[in-house]
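Student: I would like to go through this structure and ask what stands behind each term.
Tutor: Then ask about the terms one at a time.

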Amino acid sequence: MAGSRLERFGTVFTRVRDLIRSGVIKPKEKPLWYDVYKTFPPKRAPLHVKPVTSPSAKKQEIVPEIFYSEDKIRTGFYEQYGRGLRALDLSKSNFVSTCQRFVDKYRELKSHGMLDKSSLFEETGKALLKEGIILRRRGAPPVLAESRDPVLDLKLIDMLAEQQSAGTDTTKTTEDKNS
Amino acid sequence: MAVRALTRGLLGFRYSRAATVASPCGGHHYVTAPSAKPPQPQAGDVTEKILNQPLEKADFFRVAELFSLKDLFDARVHLGHKKGCRHRLMEPYLYGCRLDHDIINLDQTMEHLQLALNFTAHIAYRGGIILFVSRRRQFGHLVETTAKDCGEYAHTRYWQGGLLTNANIQYGPGVRLPDLIIFLSTLNNVFQQHVGIRDAAKMNIPTVGVVDSNCNPSLVTYPVPGNDDTPAAVELYCRLFKMTINRAKDRRKQMELIHVLPVNFLKARQMFT
């Protein structure tokens with residue numbers, strides 16, 4: 001069957017249409033998809049687009065950055081409390097993370113009338129603590145369950161010095177005993 | 001227009017030459033009666049009617065019912081790659097960029113997916129050969145089983161250079177090429193565009209392809225902007241294509257029964273009077 005293998009020139013449809021028009025492809029040999037394409041064309045004709053080789057100019061951001069107003073609250077939360085204690089579970093679509101609860105509480109308190117940003121932060125932290133969510137401040141030393149074993153603080157030099165002094169004492173005592 | 005019935009290969013991974021079989025409505029074997037009686041509807045007219053009737057409605061196979069925006073969101077179809085991987089031609093399809101992650105515009109995906117599924121359904125209705133292609137090894141088995149379940153073909157292995165362009169020599173003379181190629185991922189294993197897209201355009205075969213934010217959508221006839229890496233998303237696409245193709249084929253059988261039976265009845269009556 002006749003065909004046109006020029007994929008960079010026109011679309012699949014335009015090539016077949018022109019071949020039919022010129023008589024190279026007989027109407028009986030029309031491809032199966034031709035009528036369907038004609039009735040339901042795609043949104044954009046599948047023309048080949050030449051790749052841009054020159055690295056010149058353009059560079060205009062057409063894709064917008066997505067930011068929300070709650071992002072400011074979120075940055076404040078992450079700065080103060082670090083990554084948060086509870087891991088995010090993204091497999092559930094209705095999962096509410098610690099940060100999200102903070103944000104919701106913040107907005108609730110703001111709607112009640114408080115205006116000062118720092119006090120709002122404090123209040124939100126306290127409110128969440130009341131609800132049972134522990135927030136650990138970032139940069140604070142980690143809290144230890146038990147104190148360090150005093151044995152670990154001993155240094156080898158001190159131990160040797162002790163042993164030497166103990167050794168001289170014992171020789172003295174044995175001398176006393178012998179004599 | 002003659003209806004081409006096909007004998008499908010048992011393996012389903014190669015396309016074999018269609019032997020000319022008697023068409024389901026038996027168009028070739030009737031002898032037209034002398035003109036004393038009013039002209040009975042020709043078998044050819046019936047076939048044409050069957051073929052053209054679906055084209056009159058916008059969504060004859062009701063493919064828009066098969067999916068919703070929430071389904072796409074839950075399957076994480078909107079997640080693209082990072083900003084650095086973005087292809088410049090995908091920019092119109094992106095909703096935005098959240099902390100360097102590209103988010104695909106699902107409203108546009110809905111429209112494109114509806115067009116793509118509709119086209120697939122019409123091709124399957126007309127008895128076209130559909131070839132599923134994906135070079136992602138993670139989903140190779142899934143794609144092959146999808147193709148098997150709808151009675152179509154799949155090619156998830158290494159694409160030899162002359163598969164489409166040199167088919168007559170590689171597979172023997174007079175091979176029937178696919179009428180539609182569906183790409184579940186338009187990239188090959190080295191993140192370049194799959195050769196099949198260019199080859200299909202060369203051989204005047206329309207393509208439907210899932211294009212991610214790092215793919216080139218320009219040569220794909222019906223691109224579907226969406227995630228092609230997440231298993232949930234690919235399973236969704238496979239399920240949708242399988243359902244559309246099966247629906248279209250069932251509809252075809254129904255239409256043949258509705259339209260051909262009265263014609264057969266009339267012909268039989270005519271033969272016996």
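The questions below take up the terms for the two chains in turn.

Student: How do you know what the numbering refers to, and what kind of model is this?
Tutor: This is a predicted model, in which local features need pLDDT of at least 70 and side-chain atom pairs count only at pLDDT 80 or more, while totals for chains, interfaces and linings use all residues. Residues are numbered from 1 along each chain as its sequence is written, chains are lettered from A and ligands numbered from 1 in the order in which they are written, and side-chain values use heavy atoms, with hydrogens and water left out.

Student: What makes a stretch of chain A count as a helix, and how many helices and strands are there?
Tutor: Helices (H or I, at least four residues) and strands (E, at least two) are DSSP runs, numbered from the N terminus. By that rule chain A has 6 helices and 0 strands, and its pattern along the sequence is α-α-α-α-α-α. Chain B has 7 helices and 8 strands.

Student: Why is B:His259 called buried?
Tutor: Buried means under 20% relative accessible area, exposed over 50%, and partly exposed in between (1.4 Å probe, protein chains only). B:His259 has a relative accessible area of 14%, which is under 20%, so B:His259 is buried. The residue belongs to helix 7 (residues 231–272) of chain B. Apart from neighbours within four places in sequence, B:His259 is in contact (heavy atoms within 4.5 Å) with B:Val46, B:Lys49, B:Ile50 and B:Gln53.

Student: Why is A:Val151 called exposed?
Tutor: The relative accessible area of A:Val151 is 56%, which is over 50%, so A:Val151 is exposed. A:Val151 sits in the loop between helix 5 (117–131) and helix 6 (156–178) of chain A.

Student: What makes the nonpolar surface patch with A:Val151 a patch?
Tutor: Patches are made of residues with over 30% relative accessible area and no salt bridge (a side-chain nitrogen of Lys or Arg within 4 Å of a carboxyl oxygen of Asp or Glu). Like charges are joined within 9 Å, and nonpolar side chains (Val, Leu, Ile, Met, Phe, Trp, Tyr) within 5 Å. Here A:Val151, A:Leu154, A:Leu156, A:Met159 and A:Leu160 make a nonpolar patch of about 520 Å².

Student: What share of each chain is buried, and what area is accessible?
Tutor: Of the 179 residues of chain A, 26% are buried; for the 273 residues of chain B, the share is 52%. Accessible areas come from the Shrake-Rupley method with a 1.4 Å probe, and for residues only the protein chains shown count as cover. Chain A has an accessible surface of about 14000 Å², with 56% from carbon and sulfur atoms. Chain B exposes about 12900 Å², with 57% from carbon and sulfur atoms.

Student: How do you know that strand 2 and strand 3 of chain B pair?
Tutor: Two strands pair if DSSP finds at least two bridges between them. Strand 2 and strand 3 (residues 101–104) of chain B are joined by 4 bridges and run antiparallel, so they pair. B:Arg98 has B:His101 as its bridge partner, and B:Cys97 stands opposite B:Asp102. The two strands form a hairpin with 2 residues between them, and B:Leu99 in the turn has a positive phi of about 50 degrees.

Student: Why does strand 1 of chain B also count as paired with strand 3 of chain B?
Tutor: Strand 1 and strand 3 of chain B are joined by 2 bridges, so the requirement of at least two is met. One bridge partner pair is B:Leu79 and B:Ile103. The result is an open antiparallel sheet of 3 strands in the order 1-3-2. Strand 1 (79–82) and strand 2 (94–98) of chain B are its edge strands, each pairing on one side only.

Student: What makes strand 5 of chain B an edge strand?
Tutor: The open sheet of 5 strands in chain B has the order 5-4-6-7-8, with parallel pairing. Strand 5 (153–155) and strand 8 (222–225) of chain B each pair on one side only. Strand 4 (residues 130–133) and strand 5 of chain B pair over 3 bridges in the parallel sense, with B:Val133 opposite B:His155.

Student: Which residues of helix 6 of chain B are buried, and what do they pack against?
Tutor: In helix 6 (residues 195–202) of chain B, the buried residues are B:Gly196, B:Ile197, B:Asp199, B:Ala200 and B:Ala201. They pack against helix 1 (12–22) of chain A, together with strand 6 (180–183) and strand 7 (207–211) of chain B.
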